[in-house]
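Reader: I should be grateful for a close look at how one pair of packed elements is arranged, followed by an account of the parts around the rest of the fold.

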Amino acid sequence: MIIRKEDGAGGKYMVEFLRKHVISKFNSKVGEISLVDMDDSTDFHPDYILTTDSYVVDPPVFPGGSIGSLAICGTSNDLSVLGAKPSFLSLSLILQDGFPVDTLEKILHDMEFWLKEVGANIITGDTKVVESNIGIAVNTSGVGVRNGYLDRNLEVVREYRDYPYRWVRDSGLSEGDAIIISGGIAEHGAAIMASREGMEFEMNVESDAYPVWLFLGRALETGGITAMKDPTRGGIAATLNEMAEKSKVGILVEEEKIPLREDVKSFCDVLGLDPLIMANEGKVVMGVVQERAEEVLKTLRKAGQKDAEVVGYATSEFQEVVIETLIGTKKILPSPMADPIPRVC
Ligand code: MG
């Protein structure tokens with residue numbers, strides 16, 4: 001047996017592979033969250049969570065960002081969606097012998113920029129140079145810290161129901177929760193494809209790489225958020241399915257409510273790509289207590305997420321993710337087996 005591309009492509013195949021070969025060997029639990037939960041981060045102390053992520057995107061510099069912006073935004077986003085403030089990061093660089101220093105400088109500059117925006121620091125790191133044909137690979141781990149916004153959010157949620165978690169979990173949905181998407185989908189996947197097809201100048205698509213903490217703080221302070229996830233590989237289809245499955249609810253989504261920029265939509269149409277399964281790097285899918293949904297939506301829009309939208313709700317009537325299409329028919333939206341675009345992040 002050998003490793004296949006799909007074993008690390010963010011879909012059902014990857015989950016199967018990880019359960020069988022990796023997670024079964026390291027099933028330790030230190031805090032409330034364990035490895036087997038496969039949430040975006042894990043707590044190891046009442047006030048701290050840890051995550052790690054590797055980036056192998058090809059090309060390493062693309063419209064709207066670089067592997068550097070992905071590393072900082074992606075890792076800090078996996079902390080932010082549990083309600084933690086991204087604070088301390090590690091940085092490992094694996095560089096190919098012959099990699100241009102000016103490209104590396106551009107990548108490091110992007111890291112520096114986003115670290116400053118988020119208010120996080122790189123405090124430890126490592127560098128290796130190899131002869132294999134990888135260009136650049138980056139690994140960043142991150143520590144997120146409990147904060148007043150998170151505690152306020154949990155307090156508000158508990159005004160409406162029992163919420164057994166100390167962090168915002170991807171399994172926290174209950175029947176009736178509104179589902180909000182924070183902005184236009186598929187932009188990162190589209191930017192990578194445009195770049196590979198040499199279409200980045202005619203198609204005005206840019207990666208959405210962005211640290212979601214910059215708008216989540218205020219949304220948490222408004223309060224009522226019961227579940228969150230950042231829809232990266234596998235797009236919102238993978239994310240909605242994961243949240244529904246872990247929360248043991250179904251989700252009904254209206255297709256026409258899903259934020260999708262017109263130019264991204266036409267680009268996907270041209271290449272025959274499905275925006276529902278394409279990667280995002282600066283968006284959040286969240287569940288919100290019904291009574292708080294309008295307030296949270298308003299806060300998100302005020303915080304710059306103008307296209308944020310309530311796209312549906314969690315239900316106990318079925319267990320799947322069901323999408324009501326533009327023409328009014330309902331169909332099951334399955335989780336993708338793998339992301340359609342290899343090396344997208
Ligand atoms: Mg994530």
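**The α4 and α6 pair and the rest of the fold**

Author: Helix α4 passes helix α6 in a left-handed crossing. This description, like everything below, rests on a predicted model. Two packed helices are described by the angle between their axes and by the distance between those axes. Here α4 (residues 148-160) and α6 (residues 213-222) pack at an angle of about 40 degrees, and their axes lie 7 Å apart. The angle makes α4 oblique to α6. On the α4 side the residues at the contact are Y149, L150, R152, N153 and V156. They meet W213, G217, L220, E221 and T222 of α6.

From the helices, the account turns to the sheets. Strands of a sheet pair through backbone hydrogen bonds, in either a parallel or an antiparallel manner. One open sheet has 7 strands in the order β9-β11-β8-β12-β10-β13-β14, and its pairing is mixed. Strands β9 (225-229) and β14 (330-332) stand at its edges with a single partner strand each, so one side of each has no neighbour in the sheet. Neighbouring strands of this sheet are turned against each other by 25 degrees on average, with direction ignored.

Within that order, strand β10 (residues 250-254) has β12 on one side and β13 on the other. How is β10 joined to these two strands? With β12 (residues 309-315) it pairs in the antiparallel sense over 4 bridges. With β13 (residues 321-324) it runs parallel, again through 4 bridges. V253 of β10 illustrates both contacts: it stands opposite G312 in β12, and also opposite I323 in β13. The next residue of β10, E254, stands opposite E324 in β13. Strand β10 is mostly covered, with 4 of its 5 residues buried. Strand β12 also pairs with β8 (residues 178-181), in the antiparallel sense and over 4 bridges. In that pairing I180 stands opposite V310 in β12.

A further open sheet has 5 strands, ordered β1-β2-β7-β5-β6, and here too the pairing is mixed. Its edge strands are β1 and β6 (121-130), each of which pairs on one side only. The twist from one strand to the next averages 20 degrees. Inside this sheet, β2 (residues 48-55) and β7 (residues 136-145) run antiparallel and are joined by 8 bridges. D53 of β2 stands opposite T140 in β7. Helix α3 (residues 101-118) packs on the sheet and touches β5, β6 and β7. The direction of α3 makes about 175 degrees with that of β5.

Strand β5 (residues 85-96) contains I94. Is this residue buried, partly exposed or exposed? Its relative accessible area is 35%. Since buried means under 20% and exposed means over 50%, I94 is therefore partly exposed. Leaving aside residues up to four places away in sequence, I94 touches K128, V130, I134, G135, I136 and A137. Among these, K128 and V130 lie in the edge strand β6 (121-130), while I136 and A137 belong to β7 (residues 136-145). I94 and I341 are 247 residues apart along the chain, and their C-alpha atoms are separated by 22 Å.

Finally, there is the metal site. Which residues supply the protein donors of the magnesium ion? They are D40, D78 and D230, each through OD, at 2.1 to 2.2 Å from the ion. Along the chain the donors follow the spacing D-x37-D-x151-D. D40 lies in the loop between α1 (12-22) and β1 (42-45), and D78 lies in helix α2 (residues 67-80), so this pair ties together parts that are 38 residues apart in sequence. Both residues fall under the 20% limit for burial: D40 counts as buried at 13% relative accessibility, and D78 counts as buried at 9%.

Conventions: Residues are numbered from 1 along each chain as its sequence is written. This is a predicted model: local features need pLDDT of at least 70, side-chain atom pairs count only at pLDDT 80 or more; totals for chains, interfaces and linings use all residues. Side-chain values use heavy atoms; hydrogens and water are left out. Buried means under 20% relative accessible area, exposed over 50%, partly exposed in between (1.4 Å probe, protein chains only). Two strands pair if DSSP finds at least two bridges between them. Contact means heavy atoms within 4.5 Å. Donors are N, O and S atoms within 2.8 Å of the metal (3.2 Å for Na, K and Ca); water is not among the atoms, so sites may look incomplete. Axes are lines fitted to C-alpha atoms, for helices over the stretch in contact, and angles run from 0 to 180 degrees between N-to-C directions. Angles under 35 degrees count as roughly parallel, over 145 as roughly antiparallel, 65 to 115 as roughly perpendicular and the rest as oblique. A crossing is left-handed if the near helix is turned anticlockwise from the far one by less than a right angle, and right-handed if clockwise.
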